[in-house]
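Me: Please take one part of this structure and look at it closely. Then tell me how it connects to what lies around it.

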Amino acid sequence: MVMHSRATDRRNASQMAGKIARSTPRPPFGPPVVRVAAGSSRLASREARKSLLFTPVRESSGECRFLLDHSRIVMSSAIVPSPGAPRPLGFREPVDLGLPSDFRELSDEEIFSLVQDIDRDGYAVLTQYIPHSDIDVVRRFVRDAVTAAGNRYVVLIGPTPVAETVLGKMASSPALRRICMRMYEIATSRPASDQPYYQVLRCLTGSSGREHSMVFHFDSHVLAVLLPIEVPAGKDSGELIVLPNIRAIRSRYASNLIDKILVRNPVSQRILRGMAKSRPERFVRISLFPGNLYFFWGYRSIHANAPCDIEKIRATALFHYVDPHSDSKLKRLLYRILPSNRY
Ligand SMILES: O=C(O)CCC(=O)C(=O)O
Ligand SMILES: [Fe+2]
């Protein structure tokens, strides 16, 4: 299997295969633990059919809002070992320890190339990064989750509900973690963070799925890693639409908040939707293929998914990495006093 970025797509795959040294995951430094999300996983139980009404949660863009009754959201509670314990900037893999590798590791050159692709084109892609056999399993999982939710939009947050699928493996993958950390370091010149991913599985279907389409936003996290699981064939296939890299990482949460308010209001949403129709060339429109892994600067880019066929399912898994304002006192205060606040 050859897995490569778009930049490397353009090169000869067989050349790359010889070039890429396989290395194995390093053992974590120390025993850090991270707390992931809150609440309880209900999918596995009969409770799965009950809606979790008016529970404040963070939506997939890392925002907090009250659930609507047409949404089904399952959250997870877990303490898991941080796969990406902090490492010194510039740290390189030591020696091959002979441990079984998880996903394919990328060389620093390949990671640089991903960052370049995002900076230039708005996104990068590793083709066929996740094996089809794993996608098939998680696709069945998605179908069951959608059925359990009454064939409506459902979002699963955190690693626990998806732990038995490849999404659990991705969440704890040292290879993927290293890619994210190095991308972040290269792009921001800041040391990589040991923040856990903000992990989301979004399943859109029916008219409630439509309501969650064309909702333009900035993410709260710098890097978005997107794995398509189910993509409807045909006209309305729910592409990812991106206005790439249009803002910098704000030093203050308050500035971020203003940006978000400027985008997430009905007037701006109408303007952006109109623009997507009348000036499509201004947006990057990404057709998604299950098994490919897509990367973009979610914090810096306005983005949304295009609508998809209401008869079909569109499912994507997202791993959001590094909230630059996680320490903000204002943010914490707002989340405390306005739990339904989306910003
Ligand atoms: O599902 C998608 O294509 C994008 C979702 C997204 O932007 C998000 O979860 O923040
Ligand atoms: Fe997003």
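Reply: Start at Leu226, which stands opposite Leu318 in strand 14. The strands here, like the helices, are DSSP runs numbered from the N terminus (E, at least two residues, for strands; H or I, at least four residues, for helices). This is a predicted model, in which local features need pLDDT of at least 70 and side-chain atom pairs count only at pLDDT 80 or more, while totals for chains, interfaces and linings use all residues. Residues are numbered from 1 along each chain as its sequence is written, and chains are lettered from A and ligands numbered from 1 in the order in which they are written.

First, the setting. The protein has ten helices and 14 strands. Of its 343 residues, 43% are buried. Buried means 20 or more other C-beta atoms within 10 Å of the residue's own; exposed means 12 or fewer, and partly exposed lies in between, with C-beta atoms placed from the backbone.

Now strand 9, residues 223–230. Eight of its eight residues are buried, so strand 9 is largely enclosed by the rest of the structure. Strand 9 runs antiparallel to strand 14, and seven bridges join them. Strand 9 also pairs with strand 12 (residues 293–296), again in the antiparallel sense, over three bridges. Two strands count as paired if DSSP finds at least two bridges between them. Within strand 12, Phe295 is the bridge partner of Val225.

Val225 and Phe295 turn up again in the core. A nonpolar core is a set of buried Ala, Val, Leu, Ile, Met, Phe, Trp, Tyr and Cys residues joined through C-beta atoms within 7 Å. The largest one has 73 residues, and Cys203, Leu223, Val225 and Phe295 touch the most other members. In soluble globular proteins, nonpolar side chains tend to be buried together.

Leu223 links several of these pieces. Beyond four places in sequence, Leu223 is in contact with Cys180, Met183, Tyr184, Phe295, Trp297, Gly298, Tyr321 and Val322. Contact means that the two C-beta atoms, placed from the backbone, lie within 7 Å. Across the protein, of the contacts with a separation of 6 or more, 88% are between residues 24 or more positions apart.

Follow Leu223 to Val322. Val322 sits in the loop between strand 14 (314–321) and helix 10 (329–337). Val322 has 23 other C-beta atoms within 10 Å, so it is buried. Its phi is positive, about 75 degrees, although Val322 is not a glycine. Leaving out residues up to four places away, Val322 touches Tyr184, Ser193, Gln195, His221, Val222 and Leu223. Tyr197 is 125 residues from Val322 in sequence, yet the two C-alpha atoms are 7.4 Å apart.

Met183 leads from Leu223 to a helix pair. In that pair, Asp108, Ile111, Phe112, Leu114 and Val115 in helix 3 meet Ile179, Arg182, Met183, Ile186 and Ala187 in helix 6. The axes of helix 3 (residues 108–121) and helix 6 (residues 174–188) come within 9 Å and cross at roughly 60 degrees. That makes helix 3 oblique to helix 6. Axes are lines fitted to C-alpha atoms, for helices over the stretch in contact, and angles run from 0 to 180 degrees between N-to-C directions. Under 35 degrees counts as roughly parallel, over 145 as roughly antiparallel, 65 to 115 as roughly perpendicular, and the rest as oblique. The crossing of helix 3 and helix 6 is right-handed: the near helix is turned clockwise from the far one by less than a right angle, where anticlockwise would be left-handed.

Now a separate sheet. Three strands form an open, antiparallel sheet in the order 11-10-13. Strand 11 (284–286) and strand 13 (302–305) stand at the edges, each with a single partner strand, so one side of each has no neighbour in the sheet. On average, neighbouring strands in this sheet are turned by 15 degrees against each other, direction ignored. Strand 10 (residues 240–243) is joined to strand 13 by four bridges and to strand 11 by three. Leu240 has Ile286 as its bridge partner in strand 11 and stands opposite Asn305 in strand 13. Ile241 stands opposite Ala304 in strand 13. Leu240 and Val242 point one way from strand 10, Ile241 and Leu243 point the other way, and all are buried.

Past strand 10, in the loop before helix 8 (253–263), comes Asn245. Asn245 has a positive phi too, about 50 degrees, and is not a glycine. Asn245 has 17 other C-beta atoms within 10 Å, so it is partly exposed.
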